[in-house]
Amino acid sequence: QVQLVESGGGLVQPGGSLRLSCTASESVSALDSMGWYRQVLGNQREMVAGKFPGDVTYYSDDLKGRATISRDNGKNTMYLQVDRMGSEDTAVYYCYAFYKGRKYWGQGTRVTVPS
């Protein structure tokens, strides 16, 4: 029902900013919730940002204060911006969305911040 494609991964210099995009096959305004997970090598996949009904937002402790989740309805795209990136942020980032009671995932995009 919903296809999600991430982009914007790659190399980010320490202290730099990350901006990930997730383009959906459905209008992001129609999604029940949306957000991002990341998986550090050797670790469990963890939720890092989300937007929920009522415009409720969530950020993980690691990203709170330096991350922003947003969306562009016209482009069917949601974004994750993370400032002041460090090597600990190196991970594969996945976007997700809930639509009509079902959860959908993107394929992931790798982000590397050198030490």
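**Exercise 1. Which residues do ring pairs link into a cluster?**

Solution. Before starting, note that this is a predicted model, where local features need pLDDT of at least 70, side-chain atom pairs count only at pLDDT 80 or more, and totals for chains, interfaces and linings use all residues. Residues are numbered from 1 along each chain as its sequence is written, and side-chain values use heavy atoms, with hydrogens and water left out.

Step 1. Take the pairing rule: rings of Phe, Tyr and Trp (its six-membered ring) pair if their centres lie within 6.5 Å; planes under 30 degrees apart count as stacked, over 60 as edge-to-face and the rest as tilted.

Step 2. Apply the rule to the structure, which holds four aromatic pairs. One of them is Y96 with F98, edge-to-face at 6.2 Å centre to centre and 85° between the planes. Y96 also pairs with W105, and that pair is tilted, with 6.1 Å between centres and 50° between the planes.

Step 3. Join the pairs: the cluster is made of Y37, Y96, F98 and W105.

Step 4. Add accessibility (buried means under 20% relative accessible area, exposed over 50%, partly exposed in between, with a 1.4 Å probe and protein chains only). Y96 is buried at 2%, while F98 is partly exposed at 29% and W105 is partly exposed at 33%.

**Exercise 2. Find the charged side chains that lie over the faces of Y79 and Y96.**

Solution. Step 1. The test asks for NZ of Lys or CZ of Arg within 6 Å of the ring centre and within 35 degrees of the ring normal.

Step 2. For Y79, the partner is R19, at 4.2 Å from the ring centre. For Y96, the partner is K103, at 5.0 Å from the ring centre.

**Exercise 3. Trace the salt bridges of R38.**

Solution. Step 1. Use the cut-off: a side-chain nitrogen of Lys or Arg within 4 Å of a carboxyl oxygen of Asp or Glu. The whole structure has five salt bridges.

Step 2. R38 meets E46 with the closest N and O atoms 3.5 Å apart, and R38 meets D89 at 2.8 Å, N to O. D89 lies in the loop between β8 and β9 and R38 in strand β4, so this pair ties together parts that are 51 residues apart in sequence. (Strands are DSSP runs of E with at least two residues, numbered from the N terminus.)

Step 3. Check the surroundings: R38 is buried at 2% and D89 at 0%, whereas E46 is partly exposed at 28%.

Step 4. Widen the view: a network of salt bridges links R38, E46, D62, R66 and D89.

Step 5. For another example, look at K51 and D55, which meet at 3.1 Å, N to O. Here K51 is buried at 13% and D55 is exposed at 58%.

**Exercise 4. Describe the largest nonpolar core and say which strand gives the largest share.**

Solution. Step 1. A core is a set of buried Ala, Val, Leu, Ile, Met, Phe, Trp, Tyr and Cys residues joined through side-chain atoms within 4.5 Å.

Step 2. The largest such core has 29 residues, and those with the most contacts inside it include L4, W36, Y93 and V111.

Step 3. Among the elements that give two or more residues are β3 (18-24), β4 (33-39) and β9 (91-99). The largest share, five residues, comes from β9.

Conventions:
Helix = DSSP H or I, 4+ residues; strand = E, 2+ residues; numbered from the N terminus.
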